[in-house]
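Let's take a walk through this model together. Have the structure open, and follow along as we go from charged pairs to helix packing and on to the surface.

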Amino acid sequence: TSFSPAPDGYRIGAPGPIARVVVEAIEAASVRRADGAPLVVVAHSLGGVIAYDALTHFRPDLTVDVLLTVGSQVGLFAELALLGRAETEGTPARIAIPSGIRTWINVVDRADPLAFLAEPVFDRVSDYRYQTPTVWAHTAYLRQPTFHARLADRVRAALT
């Protein structure tokens, strides 16, 4: 793919430095996995937006068995048309995601002001409502043993 040069040395349409790190990490994980081993990408907060952009705009050819977005703004960004992928690629009501994302689980806590639903915006995504026992849920997800156990159950179910 060729990208137009931009004044700051970046190429228009190419991943910036942060997105490039994410794309390269997913590529490396894809290459290193053993035969038949699933590839699960877990992304928190703005990382969910970056992972989504990496897998839909920069590398839609990669296969990810499960994409987990946790406390992410990807649904909001899509509704505001701020993502790299054109919103016209889906149905008028919902945006299609590439077949390379086999399962997408989006975790939302109602007490998290930075987490947004994705299911009403995208095809083939399941919103999982998880309630953290804290006032500021955004940083609490990954610190909870029950969160990891419940998410592991959902990932196992998605892989069967």
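E27, R59 and D61 are linked in a network of salt bridges. Keep in mind that you're looking at a predicted model. Within that network, zoom in on the side chains of R59 and D61, which meet in a salt bridge at 2.5 Å, N to O. How accessible is D61? Its relative accessibility is 53%, so D61 counts as exposed, the cut-off for that label being over 50%.

The count for the model comes to 6 salt bridges, so there are others to look at besides that network, given that a bridge here takes a Lys or Arg side-chain nitrogen within 4 Å of an Asp or Glu carboxyl oxygen. One of them joins D65 to R33, with the closest N and O atoms 2.9 Å apart. This pair links distant parts of the chain: D65 sits in strand β4, while R33 sits in the loop between α1 and β3, 32 residues apart. The two partners also fall into separate accessibility classes: D65 has a relative accessible area of 11% and is therefore buried, whereas R33, at 25%, counts as partly exposed.

Now find R94 and D123, another salt bridge, where the closest N and O atoms are 3.4 Å apart. R94 lies in the loop between α3 and β5, and D123 in the loop between β5 and β6, so this pair ties together parts that are 29 residues apart in sequence. Are these two buried or partly exposed? R94 has a relative accessible area of 29%, so it is partly exposed, and D123, at 23%, is partly exposed as well.

While you're at D123, step along to R124, which is found in that loop between β5 and β6 (125-129). Its phi is positive, about 55°, although R124 is not a glycine. R124 has 39% relative accessibility, so it counts as partly exposed.

There's another backbone angle like this to look up. S45 also has a positive phi, near 60°, in a residue other than glycine. You'll find S45 in the loop between β3 and α2. What about its accessibility? At 14%, S45 counts as buried, because that value is under the 20% cut-off.

From S45, carry on into helix α2, residues 46-58. This helix has 13 residues and reaches 17 Å from its first C-alpha to its last, close to the 18 Å expected at 1.5 Å a residue. Which of its residues are buried? They are G48, V49, A51, Y52, D53, A54, L55 and T56. And what do these buried residues pack against? Their partners are two helices, α1 (17-32) and α3 (74-79), plus the strands β3, β4 (64-70) and β5 (101-108). You've met β4 already, as the strand that holds D65.

Let's finish on the outside. V40, V42 and L159 make a nonpolar surface patch of about 220 Å². V40 has its place in strand β3, residues 40-44, and β3 is one of the elements that the buried residues of α2 pack against. V40 has 33% relative accessibility, so it counts as partly exposed. That value also explains why V40 can belong to the patch, because patch residues need over 30% relative accessible area.

Notes
Residues are numbered from 1 along each chain as its sequence is written. This is a predicted model: local features need pLDDT of at least 70, side-chain atom pairs count only at pLDDT 80 or more; totals for chains, interfaces and linings use all residues. Side-chain values use heavy atoms; hydrogens and water are left out. Patches are made of residues with over 30% relative accessible area and no salt bridge: like charges are joined within 9 Å, nonpolar side chains (Val, Leu, Ile, Met, Phe, Trp, Tyr) within 5 Å. Accessible areas come from the Shrake-Rupley method with a 1.4 Å probe; for residues, only the protein chains shown count as cover. Helices (H or I, at least four residues) and strands (E, at least two) are DSSP runs, numbered from the N terminus. Buried means under 20% relative accessible area, exposed over 50%, partly exposed in between (1.4 Å probe, protein chains only). The expected span of a helix is 1.5 Å times one less than its number of residues. Contact means heavy atoms within 4.5 Å.
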